[in-house]
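User: Walk me through one part of this model in detail, please. Which part you choose is up to you.

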Amino acid sequence: VYGSVVLVAHLTLGRVSDRFGRWPPIATGCLVAVFGLAVAALLPGIVGLLIAGCLYGVATALITSTVSAVTMETAPPERIGSAMATYSVGYQLGASIGGAAWGLVISLAGYPWPFVGGAVMIGLALLLGAARLRPALDRCCHRAATGAPDRRREPLRTARRHARAGDGAR
């Protein structure tokens, strides 16, 4: 269920941060994730896990698509590929290590604790993000919210235009 929801949600929610700015989908994704984890903790059994998987899938799509956009906007043009690779590896490592760690927690402490712990961690990340990340996003990624052109990439566009014209100017 989670994988299917992530797939559909990525395709439909990917443009949310282009329309509303970068911080709102990150904050909303964190809140939906906390709610999904709370559902998993409070409704043990398959129904709770299915509902939680759907909610967590929507949260994952909101957060990962927005963070991908932020990565591309903040990386220097010549390093976008490296930045995206680093982001992808970091995400996969987090999912792998986190899954193993929460599996250990569930075997030691019992069923609801991985979900409670995850909700607490995401809640703390949201608070930290509101204090530190939101102002930085407002400074560096305002184009999505305001429609202003991305001036960081203008020198690269100008160089390409001159190269196509054959005048060699940079």
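Analyst: Contact, and so packing, here means heavy atoms within 4.5 Å. Helices are DSSP runs (H or I, at least four residues) numbered from the N terminus, and my pick is helix H3 (23-42).

This is a predicted model, where local features need pLDDT of at least 70, side-chain atom pairs count only at pLDDT 80 or more, and totals for chains, interfaces and linings use all residues. Residues are numbered from 1 along each chain as its sequence is written, and side-chain values use heavy atoms, leaving out hydrogens and water.

On pLDDT (the predictor's confidence in each residue, 0 to 100), H3 has the highest mean of the elements, 95, while helix H7 (residues 142-146) sits lowest at 52. The protein averages 84, with 83% of the residues scoring at least 70.

The length of H3 checks out too: at 1.5 Å a residue, its 20 residues should span 28 Å (1.5 Å times one less than the residue count), and the end C-alpha atoms are 29 Å apart, which agrees.

Plenty of H3 is buried (under 20% relative accessible area, 1.4 Å probe, protein chains only). Trp23, Pro25, Ile26, Ala27, Gly29 and Cys30 are among the buried residues, and further along the helix so are Ala33, Gly36, Leu37, Val39, Ala40 and Ala41. What do they pack against? Their partners are helix H2 (16-20), H4 and H6.

Definitions and conventions
Helix = DSSP H or I, 4+ residues; strand = E, 2+ residues; numbered from the N terminus. Buried < 20%, exposed > 50% of the residue type's maximum accessible area, 1.4 Å probe, protein only.
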